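These are my notebook entries on how two chains meet. I set out each matter I looked up, followed by what I found.

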Number of protein chains: 2
Amino acid sequence: MTVATMEKAYRELTERWRERALLDSCATVLAWDEETYLPRGGVEGRADQQALLARLEHERAADPRVGDLLAQAEAAGSSDELVVTNLRLMRREYDEACRVPATLVEELARITTRAQGAWERARDANATTGYLPLLGRVVELTQAWTDCVRDGRSRYDACLDSWETDLTDAEVVGVLDQMRPSLVALLDQAPAPGAAADDAVLRRPVPLDAQRAISELALRWLGFDLDRGRLDNATHPSTMRIGPGDVRLTTRFTLDRPFEGLLSTMHELGHGLYDQNLADDQFGTPAGEASSLALHESQSRLVENLVGRSHEFWRFALPQLRAVTAAFDDVSVDQIYRALNQVGRSTSRIRADEISYDLHIAIRVELERALIAGDLAVGDLPAAWDDAYARDLIRPDDATTGVLQDGHWAAGMFGYFPTYTLGNVIAAQLYLAADAALPDLAGSIARGELAPLIGWMRDAVHRHGSRYPAREVVVRATGAPPTPTAQLARLAAKYADRARG
Amino acid sequence: MTVATMEKAYRELTERWRERALLDSCATVLAWDEETYLPRGGVEGRADQQALLARLEHERAADPRVGDLLAQAEAAGSSDELVVTNLRLMRREYDEACRVPATLVEELARITTRAQGAWERARDANATTGYLPLLGRVVELTQAWTDCVRDGRSRYDACLDSWETDLTDAEVVGVLDQMRPSLVALLDQAPAPGAAADDAVLRRPVPLDAQRAISELALRWLGFDLDRGRLDNATHPSTMRIGPGDVRLTTRFTLDRPFEGLLSTMHELGHGLYDQNLADDQFGTPAGEASSLALHESQSRLVENLVGRSHEFWRFALPQLRAVTAAFDDVSVDQIYRALNQVGRSTSRIRADEISYDLHIAIRVELERALIAGDLAVGDLPAAWDDAYARDLIRPDDATTGVLQDGHWAAGMFGYFPTYTLGNVIAAQLYLAADAALPDLAGSIARGELAPLIGWMRDAVHRHGSRYPAREVVVRATGAPPTPTAQLARLAAKYADRARG
């Protein structure tokens, strides 16, 4: 095997991967459109489009020619670390694709698109009726998919691994078990929620135009490039990278929840900055993509919570806000800081405080593991949800504030939720390292200078893409693998501060 | 050849056509996104996406298996008229696709996407500099494409035929030559434009929210189903049918041009109603699509002009408008009618009155024919444009009001403009037939009852898709093939009326 053969094989592999990435980016435009502008009558056609694109992607992923090329390239070997990484990741994708029939991939894309449409309608109707049968079908198809790829592992392990490479049920349970006692203790110590003065300030109405202007300020503070991206309104905030020059955030503005809109923008901004900082010229190669959702989520939780819910950020942001709206002219930084860090047991994950958030995740992990294992029937899910919430947090009043609050399962994203908790854990650890490395981090945030922090994250995390496993990125950046220690210490300190404040 | 073989071949052909239509519908979502929300930095990636989808469509169109299936089905024959039509249209598409190399199709999709981005930037800069080289490349690729398919015909004939089946240069010239003397005479008789009182009423500012509300009223009056479509704001109004349940209109709202926004919506509404009235279950089959752009344009021009610029429509619409905005409380129906039908020589096609409109088209036909024939270099186009306008209408002041006003050529749509004139011609002829068939058409319009007119168009035009050639649809609906007689008579009568009014 000559070097030339190797190079030729690797080049063809890269071209094939880029073509598949391009097809996938078409599917991402369609998915973004589903979240933002697709008319109700278009859902069926969209499901057919997504099914077709998924099949075409899968045909490319499992093409025997890829197997030949991989064998050639692997036999020749390479001294280039990036090539070695790409070949390893390509091999992983190819082997997995070969185990899954195209019909299953196609049907999963079709049914998850339909199920997401049904979920939207179920939320509008506050009733699970039309949605549960489709969710049941998504669970069955996901189970069938895990049975193709799991190779002796549990079904849930296969799900976890598909979102976060090598993540296992044991690790997830370990992290949650380690965190739970501290979180519950912090939650029990917290003052009773609803100290009315605290909450009311968050519910002052701000016209949607002004809310949008405030979110656009946040984009500017954090350095998101609007020539290479967008911010739209959607029911369910998300971030989608269509390509190097096109990263799209969605957020949700509600008249009397202005801070929710801003923090939702800041959450997606964390994702969006990561996506904009990936190496453009590596688009479509495995190493050029952001593969670790835990790392991705660490960036969104960092911007939302470690920046967006910090006292120093609001020292800078409140005067800026006052230039856009008069709604907070009589409010102090302390009041906003206290209101935004109000703690309590609630029914809503996305509105949860930093302490209870991971308890919401633990409920989802418990239920999705049971669904995928076949231990919980989809028909019994709404009651199981309500019971778990009653046990750990608070019983929901209805379906919309209960089992219908998240669309992840409709989208087939079983095993995705744990990456939120890992994201919280990693965010705290990265922030600690950035704080040690950067002079006066808190001071720069209070002056509205976010570039040093984001620049540090870019160098430590974003620019690597998938060149290293997530764990290695964290070790390189912080000197240690991810553990909940930093996050638990941070929360304890923050809420001790707050108790004094 | 048995009936069963025939049915099997036909079924596979239909499935293959539907798959290609689905790919094409993905490209349409991307094209809609380009018109509405694509960030500037996403243009290059979008060009790659469109090139890939175009290649995949072409691979399907020119697949030898299609040739085999067509031969089988044709040999067997069919007594089903719809099957015969579909086979005839499939044969046409297949034979043409086989003549064009995939690389050319791919490159055309890539370069036209880039050229449209460059055209947008050129308009912003009011300078043709960065745009002309890309337009030159579009012309070259279009010429290469015509050379693949023209088979002894002129290049321009091949262009025309690609937008309007069997349309020829001779027919276009014949229609324009027949219309020109009457149009010029009407134009010369018209009172000098800029009777200031007339125009000023059209320029009263109306907030964009109110303009959007007015356009949404128009959607309701005309029966456009927003559960199966959308209306968005865009620089360049257009209509795109993504699928049976998803027809998207774009319009353009400008603060001090409220009637332009409404009439632009009404124009696209004419297209949109046609698209929503096509038979859903025939989506993806050739006979199920609207193939005649002249027929399509007849519907948009009908709703925009024969309804939207009529006295009876404004008798109904003005009171409705007053419920949304106070801007026209002191204005009479007569004033609006006169202002909307103001005649004059101008530089702008989309703002042109009904008389001069086709003279704008004639200039484009003259120039695009010369470009495609190779008789006019792209570098000389801006000067040639200005000279033609100076000769026939009025010399433009700058590039934006001159050669940059239309994006059709950037999109590779050479030979498309004549369908606007044919649309005007057919609209007048169809309206006359509808008026004869329906009791008191003018009266129902004055009462805001548009359903009878649109229902008549649905039965006479929309529902047929491509089952019959455009000419045959017109003959069936009006008793005669398309001629400019009705349109010229209509304009003469309308402007005689107006002179008296």
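The entries below go from confidence in the model to symmetry, the interface and its salt bridges.

**Entry 1: confidence.** I began by noting that this is a predicted model. For chain A, I found an average pLDDT of 95, with 98% of the residues scoring at least 70. For the complex, I noted that the predictor gives an ipTM of 0.94 and a pTM of 0.95.

**Entry 2: symmetry.** I recalled that two copies of a chain are related by a rotation about an axis and a shift along it. I then asked which turn and which shift lay chain A on chain B. The turn is 180° and the shift along the axis is 0.0 Å, and the RMSD is 0.0 Å. The two copies are therefore related as by a two-fold rotation axis.

**Entry 3: residues in contact.** I looked up how many residues each chain gives to the contact. Chain A gives 34 residues and chain B gives 34 residues. I also noted that 100% of the interface residues of chain A are interface residues in chain B as well, so the copies meet through the same surface.

**Entry 4: buried area.** The size of an interface is often given as the accessible area lost when the parts come together. For chain A and chain B, I recorded a buried area of about 2400 Å², of which 63% comes from carbon and sulfur atoms. Within the area that chain A buries against chain B, A:Tyr37, A:Pro39 and A:Gln49 supply 21%, more than any other three residues.

**Entry 5: polar contacts and elements.** I found 12 residue pairs in polar contact across the interface of chain A and chain B, both residues being at pLDDT 80 or more. On the side of chain A that touches chain B, the elements that give two or more residues are α1 (3-36), α2 (43-61), β1 (229-233) and β3 (246-251). The residues of that side of chain A divide into 14 nonpolar, 7 polar and 13 charged.

**Entry 6: salt bridges.** Over all chains I recorded 97 salt bridges, and between chain A and chain B the count is 4. I then asked which side chain of chain B meets A:Arg55 in a salt bridge. The partner is B:Glu19, at 2.9 Å from N to O. B:Glu19 also forms a salt bridge with B:Arg60, where the closest N and O atoms are 2.7 Å apart. B:Glu19 lies in helix α1 of chain B and B:Arg60 in helix α2 of chain B, so this pair ties together parts that are 41 residues apart in sequence.

Terms used: Residues numbered from 1 in each chain as written. Chains lettered and ligands numbered in written order. Heavy atoms only, no water. Contact = heavy atoms within 4.5 Å. Buried area = accessible area lost by both parts, 1.4 Å probe. Polar contact = N/O pair within 3.5 Å; in protein donor to acceptor, adjacent residues only side chain to side chain. Helix = DSSP H or I, 4+ residues; strand = E, 2+ residues; numbered from the N terminus. Nonpolar A, V, L, I, M, F, W, Y, C, P; charged D, E, K, R; others polar. pLDDT = per-residue confidence, 0-100. Least-squares fit on C-alpha atoms with pLDDT ≥ 70 in both.
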